[in-house]
Amino acid sequence: MDGTEEDTIESNEEKGGFFSRLKSGLQKTRSGLAGGIDRVVNGPAKIGPELWQELEEVLLMADVGIPAMNWIMEELKKGVAKSLIRDKEGIVKYLKELLVRILEDVSVEEASPAKGLCVVLMIGINGSGKTTTIGKLAARYKGEGEQVIVAAGDTFRAAATEQLQAWADRTGVTCVSQKSGTDPSAVAYDAVQSAVVRNADRVIVDTAGRLQTNKNLMEELKKVKRVIGKVVADAPHETLLVLDASIGQNSLSQARLFHDSLKVDGLVMTKLDGSSKGGVLFNITRELQVPVRYIGVGEKVDDLQPFDPKSFVEALFNE
Ligand SMILES: Nc1nc2c(ncn2[C@@H]2O[C@H](COP(=O)(O)OP(=O)(O)OP(=O)(O)O)[C@@H](O)[C@H]2O)c(=O)[nH]1
Ligand SMILES: [Mg+2]
């Protein structure tokens with residue numbers, strides 16, 4: 001066996017590992033969404049109003065949301081009218097394609113610059129998983145050979161800096177921080193400045209996450225964004241909103257608020273492990289037209305992966 005083959009097998013195994021964790025993490029969402037669809041399709045109703053009604057209910061119960069549900073139902077009916085769907089099994093196949101389409105229609109390439117420094121700003125309410133995600137991302141990019149700096153921009157919560165510093169120590173990246181209570185935009189400024197000086201590849205800026213209803217938070221984050229742009233003209237290259245999947249529809253209203261104030265480039269869905277509300281991902285993607293970039297299925301460093309619409313839908317439907 002030559003090196004290339006070994007590499008392929010190894011990376012497949014890695015994928016398999018994450019895929020099976022994703023599958024087991026999505027178990028609750030799967031039993032609600034795919035399980036519900038399965039019951040409807042294998043039930044007595046023939047293709048027609050009763051079956052459509054039952055499918056609508058399953059989609060809504062799974063947190064897919066009304067707009068996405070309406071679109072899916074319209075497309076399914078069109079599929080039947082055009083004879084693309086001929087039987088009830090055909091419904092499942094078509095529905096999976098529609099779900100993938102919702103996620104793929106917005107999945108654009110990561111907006112990092114072709115070369116040079118990439119600045120990532122991480123935002124989201126408290127407890128959503130920002131700091132943990134930064135730790136996981138730092139490890140990932142470091143592993144790809146990048147020089148990574150993380151910035152402790154959450155100067156509000158006690159121990160936030162220590163938490164990020166611990167991730168930095170564990171992954172062997174530099175953490176830029178200042179004392180508690182410092183203006184977070186000053187920390188971000190310093191971090192980006194020192195990244196420029198050191199010729200680093202990536203800066204990931206952590207932020208505080210008090211409740212989104214707190215207007216000051218949005219103003220503070222806007223300032224951080226502005227200040228970063230003063231050091232590097234087109235930075236931040238990526239503003240990533242971290243959302244806790246387990247809170248279901250609430251994450252949609254959070255996402256709207258953050259997107260309105262800060263223009264989000266991508267989403268990170270954390271805590272998909274054990275959540276029954278994974279369906280909300282379709283709702284948010286479709287409404288905001290913002291792609292999911294990463295998904296988290298656990299607390300460990302390798303429990304974060306770039307988001308792939310097809311594998312996600314596969315994991316949702318396959319036992
Ligand atoms: N099960 C699970 N837990 C996660 C995941 N991502 C983060 N967590 C946990 O969620 C908790 C909160 O994560 P943090 O990274 O501290 O969240 P934060 O957004 O930085 O919170 P604040 O700093 O308070 O704003 C921690 O206990 C993490 O270990 C995930 O994908 N799955
Ligand atoms: Mg934090």
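## Buried and exposed

A residue counts as buried if 20 or more other C-beta atoms lie within 10 Å of its own, and as exposed if there are 12 or fewer. Keep that cut-off in mind while you look at the structure above, which is a predicted model.

## The core

Let's start inside. The largest nonpolar core has 86 residues. Those with the most contacts inside this core are Ile149, Val150, Ala151, Ala191, Val203, Ile204 and Val205. Strand S1 (residues 118-123) gives the most to the core, with 6 residues.

Valine 150 is a good place to zoom in. Apart from its neighbours within four places in sequence, valine 150 is in contact with Ile134, Ala138, Leu164, Ala168, Val173, Cys175, Ile204 and Asp206. Ile204, in this list of contacts, is also one of the core residues with the most contacts.

## Around ligand 1

Ligand 1 is surrounded by 22 residues, and the closest are Gly129, Thr131, Thr132, Gly209 and Gly296. Helix H6 (residues 130-143) contributes the most to this shell, with 3 residues. How many of the shell residues are nonpolar, polar and charged? The split is 4 nonpolar, 11 polar and 7 charged.

Glycine 124 sits in the loop between S1 and H6. This glycine counts as buried because it has 25 C-beta neighbours inside 10 Å, and the cut-off for buried is 20 or more. Leaving aside neighbours within four places in sequence, its contacts are Lys130, Gly209, Leu241, Val242 and Leu243. Gly209 is also among the residues closest to ligand 1. Leucine 243 is 119 residues from glycine 124 in sequence, yet their C-alpha atoms are 6.5 Å apart in space.

## Helices H3 and H4

These two helices can be read as a pair. The 13 residues of H3 should span 18 Å at 1.5 Å a residue, and its end C-alpha atoms are indeed 18 Å apart. Leu55, Val58 and Leu59 are the buried residues of H3. They fall within an arc of 95° seen down the helix axis, so they line one face of H3. An α-helix has 3.6 residues a turn, so residues three or four places apart point the same way. The face of H3 turned away from the buried side carries the exposed residues Pro49 and Gln53. Helix H2 (27-41) and H4 are what the buried residues of H3 pack against. After H3 comes aspartate 63, with a positive phi near 70°.

Helix H4 (residues 66-81) has 16 residues, which should span 22 Å at 1.5 Å a residue; the distance between its end C-alpha atoms, 22 Å, agrees. Ala68, Met69, Ile72 and Leu76 are buried in H4. Seen down the axis, these buried residues stay within an arc of 100°, so they line one face of the helix. Ile66, Pro67, Asn70, Glu74, Lys78 and Ala81 are exposed on the other side of H4. The cover over the buried residues of H4 includes helix H3 (49-61), helix H5 (88-104) and helix H11 (280-288). Just after H4, serine 83 takes a positive phi of about 60°.

## Arginine 286

Is arginine 286 of helix H11 buried or exposed? Arginine 286 is buried, because 21 other C-beta atoms lie within 10 Å and 20 are enough. Apart from neighbours within four places in sequence, arginine 286 is in contact with Pro67, Ala68 and Ile102. Ala68 is one of the buried residues of H4, and Pro67 is among the exposed residues of that helix.

## Helix H8 and some backbone details

Helix H8 (residues 184-198) has 15 residues and reaches 21 Å from its first C-alpha to its last, close to the 21 Å expected. Pro184, Ser185, Val187, Ala188, Ala191, Val192 and Ala195 are buried in H8. They fall within an arc of 160° seen down the axis, so they line one face of the helix.

Asparagine 199 follows H8 and has a positive phi near 65°; its place is the loop between H8 and strand S4 (202-205). Asparagine 199 is exposed, with 9 other C-beta atoms within 10 Å. Lysine 263, in the loop between helix H10 (250-262) and strand S6 (266-270), also has a positive phi, near 50°. With 11 C-beta neighbours inside 10 Å, lysine 263 counts as exposed. Finally, a cis peptide bond with omega of about -5° joins alanine 235 and proline 236, and proline 236 is found in the loop between helix H9 (215-231) and strand S5 (238-244).

Note on methods. Residues are numbered from 1 along each chain as its sequence is written. Chains are lettered from A and ligands numbered from 1 in the order in which they are written. This is a predicted model: local features need pLDDT of at least 70, side-chain atom pairs count only at pLDDT 80 or more; totals for chains, interfaces and linings use all residues. A residue is near a molecule or strand if its C-beta atom, placed from the backbone, lies within 6 Å of it. Helices (H or I, at least four residues) and strands (E, at least two) are DSSP runs, numbered from the N terminus. Ala, Val, Leu, Ile, Met, Phe, Trp, Tyr, Cys and Pro count as nonpolar, Asp, Glu, Lys and Arg as charged, and the others, Gly among them, as polar. The expected span of a helix is 1.5 Å times one less than its number of residues. The arc is that of the directions from the helix axis to the C-beta atoms. Two residues are in contact if their C-beta atoms, placed from the backbone, lie within 7 Å. A nonpolar core is a set of buried Ala, Val, Leu, Ile, Met, Phe, Trp, Tyr and Cys residues joined through C-beta atoms within 7 Å.
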